[in-house]
Amino acid sequence: MAVIYGCAAPAPMVKLIYPPPPEEPRLVYLDSYMGESNFKKKGFLEFVLGETTFSADLMKPYGVTAYSDKMYVTDTRSAVVVVFDLKERKVTFMGYKEMGKLALPIGVAVSADGTVFVSDAKQKRVFGYDANGDLKIALGKKDEFKNPAGLAVNNALGRLYIVDSYGHMVHVYSTKGEPLFTFGKRGDQDGEFNFPSNAVVDRRNGDVYIVDTQNFRVQVFDKDGKFIKKFGQIGDAPGTFTRPKGIGIDSEGHIYVADAAFDNLQIFDDKGQLLLFIGGPGHEPGYFWLPAGVYVDEKDRVYIVDSYNRRVQVFQYLSEKWKKENPEKYKEYLLK
């Protein structure tokens, strides 16, 4: 296990490598995204659309996902999804139009056909939008969801997993909007939940990882909701949890869990053993202030919502595949 905290260099020049030399580098800091100010020098703008006014920069982000050169971030204060087009270097928005207007967006996930699913904890619905931000589908009958939060998609099976925090269960829908089944109830036994918050699907095998926040653990289920295993316990030492939130899994099966109480990101192997943790309370790159959502994309880029710092920090996991595809870049991270 290796531990490092970020340095105080300005973001454009910062070079953070985890663990520090002379250990073999595993994770590197790439960039931080705050909104329109990332792409335009003239900084802060206000957008007025209908009766809604919201900032072009993040105000209080929570959830994050990425799909086809775009990053989607839910903003609970602005009540929209902020869409970062990383290729075209521009920011747009979803969820402000009258049909499917958001009130308290939390989770976000994108299916293989490009549908952007967003959970709304206030309206107790899950909305699906097309690429233009127009409403395609709305999930959740009256009283079906008590507090829909984290979302995860299994594109191979066409399934959407919806974590219901106050319902202490997980709802499973097809990505076409058909209810399939639920699993879980309130409790502390295997397969039971106490205010679960977020979810991720392991792309390698379809297993579903649920952050069981108030049981201070992560539970793992198969694609059909059958309990497999768990790890984690309450504590203030590395490898334990106090307020676990976002979760992601890379291509090699490493599990990334943000803890909002520790202000850090902990990385575990598939047996639940701690490998590395980064961060701590602060404002510079590599530090966090109430981290929330986590997402790991197909290229092993790790997105972490740094909520009270009003940004998303992005890191690169140096997988074996990445090292083979980027040999010269990898040399830059090695101690010479």
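How many residues apart are Glu332 and Lys329 in helix 2? Keep that in mind while we get set up; we'll come back to that helix at the end. One thing before you click around: this is a predicted model.

**Stop 1: an open sheet**

Select strands 6, 7, 8 and 9. These 4 strands form an open sheet, in the order 6-7-8-9, with antiparallel pairing. Colour residues 61-67 and 90-94 to pick out the edges: strand 6 and strand 9 each pair on one side only. Now turn the view a little. Neighbouring strands in this sheet are rotated by 25° against each other on average, ignoring direction.

Next, zoom in on strand 8, residues 80-85. Strand 8 runs antiparallel to strand 9, and 5 bridges join the two. For a good landmark here, show Val83 and look across to strand 9, where Thr92 stands opposite.

**Stop 2: a link between distant parts of the chain**

Time to look at charges. Side chains of opposite charge can pair when their charged atoms come close. There are 17 salt bridges in this structure, and we'll visit a few.

Select Asp190 and Lys230 and show their side chains. They meet in a salt bridge, 2.8 Å from N to O. Asp190 sits in the loop between strand 17 (179-183) and strand 18 (199-201), while Lys230 belongs to strand 21 (residues 227-231), so to speak a link across distant parts of the chain, with the two residues 40 apart. Switch on a surface and check both ends: Asp190 is partly exposed, with a relative accessible area of 42%, and Lys230 is partly exposed too, at 43%.

**Stop 3: helix 1**

Move on to residues 320-325. Helix 1 holds both Lys323 and Glu320, 3 residues apart, or about one turn of the helix. Their side chains meet in a salt bridge of 2.8 Å, N to O.

Is Lys323 buried or exposed? Lys323 counts as buried, because its relative accessibility is 12% and the cut-off for buried is under 20%. Glu320, at 42%, counts as partly exposed.

**Stop 4: helix 2, and a network**

Finally, select residues 327-333 for the answer to the opening question. Glu332 and Lys329 are 3 residues apart in helix 2, which means that about one helical turn separates them. Their side chains meet in a salt bridge, 3.4 Å from N to O. Glu332 counts as partly exposed at 42% relative accessibility, and Lys329 does as well, at 36%.

For a last selection, show Glu24, Arg26, Glu320 and Lys323 together: salt bridges with shared partners join them into one network.

Methods:
Residues numbered from 1 in each chain as written. Predicted model: local features only at pLDDT ≥ 70, side-chain atom pairs only at ≥ 80, totals over all residues. Heavy atoms only, no water. Pairing = 2+ DSSP bridges. Axes fitted to C-alpha atoms, helices over the stretch in contact; angles between N-to-C directions. Salt bridge = Lys/Arg side-chain N within 4 Å of Asp/Glu carboxyl O. Buried < 20%, exposed > 50% of the residue type's maximum accessible area, 1.4 Å probe, protein only.
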